[in-house]
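Visitor: Please take me through one part of this structure in detail. I would like to start from the overall fold and then go inside.

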Amino acid sequence: MEKQARRKDRGFFERLKTEASAEWRAYTEHPFTNGLADGSLPEAAFRHYLVQDYLFLIEFARAYALSVYKSPKLADMREAAAGLSAILDVEMNLHVKLCAGWGLSLSDLEQTPPAVEMLAYTRYVLDAGMRGDLLALKVALAPCVIGYAEIATRLASRPDADAGTNSYRVWIAEYAGAAYQEVAAKARAHLEHLADLYATPAREAELIAIFKEATRLEADFWEMGWRAGQRDE
């Protein structure tokens, strides 16, 4: 009983991160992210990543729409709708603006062939949501929405993150900024609420497995961009 109370005190998301510590490190400390912090990431790597991430956000928006359908309560529906709006009305606009700097139009972005890594990740998240309940879907979404806030906060603390010579300072500022940090904080709070209601001890292994796989697929997404940068050198 005492052990169970200690686990609860740590919070559900922290327990997920602890159980997936190797996967979480590989994702949040990937060389791609360090290249963003000091500006050393090859432009080809970032460009390939960002275009695929635009396509990823389209599919992620579908996952948030699915979370509206999966919501057992009206409050859950409103939380899901707010997340959907953050993707469609804010986050995707950043991608369009940055890609316009390379002469890529909205049509160019939408007609880009999807990478295998993008398809694998988004299909996994959507499948987790279709097969499971709202909690399972939110666990699959968590590495992205909460992880980006953690990564950007770490990167923003690096000395060269905001330097005028760092081409990626706008990206870092967007995800380290108050607006996105609030989105991530609300997503985390909602995940904790759902876990209190539905994360029984019998389900924990299943939820940890979903979190681990989604986190691994996030790391694969960075790796996809990183490889594109290496090929272009």
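Guide: Start with the order of elements. Read along the sequence, the pattern is α-α-α-α-α-α-α-α-α-α-α-α. In this predicted model, the chain has 12 helices and 0 strands.

Now the overall form. The C-alpha trace spans about 55 × 35 × 30 Å along its principal axes. The radius of gyration is 18 Å, and a compact globule of 233 residues would have one near 17 Å, so the two agree. Of the 233 residues, 49% count as buried. Take the contacts between residues at least 6 apart in sequence: 84% of them join residues at least 24 apart.

Next, go to helix H11. This helix runs over residues 178-198 and has 21 residues. From first C-alpha to last, H11 reaches 30 Å, close to the 30 Å expected at 1.5 Å a residue.

Which residues of H11 are buried? They are Tyr180, Ala184, Ala187, His190, Leu191, Glu192, Leu194 and Ala195. What covers them? The cover includes helix H2 (12-19) and helix H6 (74-100). Helix H9 (134-156) and helix H10 (169-176) are also part of that cover.

Two of those buried residues, Ala187 and Leu191, lead to the next stop. Both appear in the lining of the largest cavity. The structure holds 1 cavity of 30 Å³ or more. The volume of the largest cavity is about 40 Å³.

Look at the lining of this cavity. Along with Ala187 and Leu191, it has Tyr64, Lys138, Leu141, Ala142, Val145 and Ile146. H9 and H11 each supply at least two of the lining residues. The largest share, 5 residues, comes from H9. So H9 has two parts to play in this picture: H9 helps to cover the buried residues of H11, and H9 gives the cavity the largest share of its lining. By class, the lining has 7 nonpolar, no polar and 1 charged residues. Lys138 is in that lining, and lysine counts as charged.

Finish at the other end of the numbering, with Arg10. Arg10 sits in helix H1, which covers residues 2-10. Is Arg10 buried, exposed or partly exposed? Its relative accessibility is 36%, so Arg10 counts as partly exposed; the partly exposed range lies between 20% and 50%. Leaving out residues up to four places away in sequence, Arg10 touches Arg15 and Thr18. Arg10 can also be placed against Gly147. The two are 137 residues apart in sequence, and their C-alpha atoms are 17 Å apart in space.

Methods: Residues numbered from 1 in each chain as written. Predicted model: local features only at pLDDT ≥ 70, side-chain atom pairs only at ≥ 80, totals over all residues. Heavy atoms only, no water. Helix = DSSP H or I, 4+ residues; strand = E, 2+ residues; numbered from the N terminus. Buried < 20%, exposed > 50% of the residue type's maximum accessible area, 1.4 Å probe, protein only. Contact = heavy atoms within 4.5 Å. Expected span 1.5 Å × (residues − 1). 1 Å grid on protein atoms, 1.4 Å probe; cavity = no way out; pocket = protein on both sides within 12 Å on 5 of 7 lines; lining within 4 Å. Points joined across faces, edges and corners; volume = space filled by probe spheres on them. Rg over C-alpha atoms; globule rule 2.2 N^0.38 Å.
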